[in-house]
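Welcome aboard! Open your viewer, turn on a cartoon display, and get ready to click from stop to stop.

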Amino acid sequence: SISSTDPATQVVTGQIVDLVHGQPVTLRPYVLRYSTPAELDAFAVRAGLRLTERYEDFERSAFDDDSSFHVSVYRPDDS
């Protein structure tokens with residue numbers, strides 16, 4: 001797998017390359033646009049949800065500015 005990331009546009013462009021003996025090379029390109037936790041929170045608010053929990057991983061480690069991953073829990077906003 002090879003990829004490049006453009007932080008300005010939040011786009012990851014890449015390709016998975018399958019090399020199997022005796023078979024033609026298979027290329028599987030992809031383009032992803034990622035969102036920051038703050039953007040996801042804004043999407044959730046517009047959908048009538050609110051953030052109730054955020055962790056760095058499924059073991060519920062504390063999320064902070066240095067976290068590379070997050071698990072966010074949203075619930076209906078009953079206010």
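In which sense do S1 and S2 pair, and over how many bridges? Before you look, keep in mind that this is a predicted model.

**Stop 1: the strands**

Select residues 2-6 for strand S1 and residues 11-18 for strand S2. S1 and S2 pair in the antiparallel sense, over 5 bridges. To see how the two strands line up, show isoleucine 2 and look across to S2, where glutamine 15 stands opposite.

Now add strand S3, residues 26-33. S2 and S3 run antiparallel and are joined by 8 bridges. A good pair to display here is threonine 13 with valine 31 in S3, since the two stand opposite each other.

**Stop 2: glutamine 10**

Go back to the loop between S1 and S2 and pick glutamine 10. The hairpin of S1 and S2 has 4 residues between the strands, and within this hairpin glutamine 10 takes a positive phi near 60 degrees.

Is glutamine 10 buried or exposed? Its relative accessible area is 14%, and because buried means under 20%, glutamine 10 counts as buried. To see what surrounds it, leave aside the neighbours within four places in sequence: glutamine 10 is then in contact with Leu32, Arg33, Tyr34, Ser35, Thr36 and Glu39.

**Stop 3: serine 67**

Next, jump to the loop between strand S4 (49-55) and strand S5 (71-76), and select serine 67 there. Serine 67 is buried as well, with a relative accessible area of 15%.

Which residues does serine 67 touch, not counting those up to four places away in sequence? They are Glu56 and Ala62. Show side chains as sticks and you can find a polar contact of 2.9 Å between the side chains of serine 67 and glutamate 56. Then turn to aspartate 64: its backbone nitrogen lies 2.9 Å from a polar atom of the serine 67 side chain.

For a sense of distance, draw a line between the C-alpha atoms of serine 67 and leucine 19. These residues are 48 apart in sequence, and the line spans 34 Å in space.

**Stop 4: rings**

For the last stop, select arginine 54 and phenylalanine 63. The charged end of arginine 54 sits over the ring of phenylalanine 63, 5.7 Å from the ring's centre.

How many aromatic pairs does a search of the whole structure find? The count is 0.

Terms used:
Residues numbered from 1 in each chain as written. Predicted model: local features only at pLDDT ≥ 70, side-chain atom pairs only at ≥ 80, totals over all residues. Heavy atoms only, no water. Buried < 20%, exposed > 50% of the residue type's maximum accessible area, 1.4 Å probe, protein only. Contact = heavy atoms within 4.5 Å. Phe/Tyr/Trp six-rings, centres within 6.5 Å; stacked < 30°, edge-to-face > 60°. Lys NZ or Arg CZ within 6 Å of the ring centre and 35° of its normal. Polar contact = N/O pair within 3.5 Å; in protein donor to acceptor, adjacent residues only side chain to side chain. Pairing = 2+ DSSP bridges.
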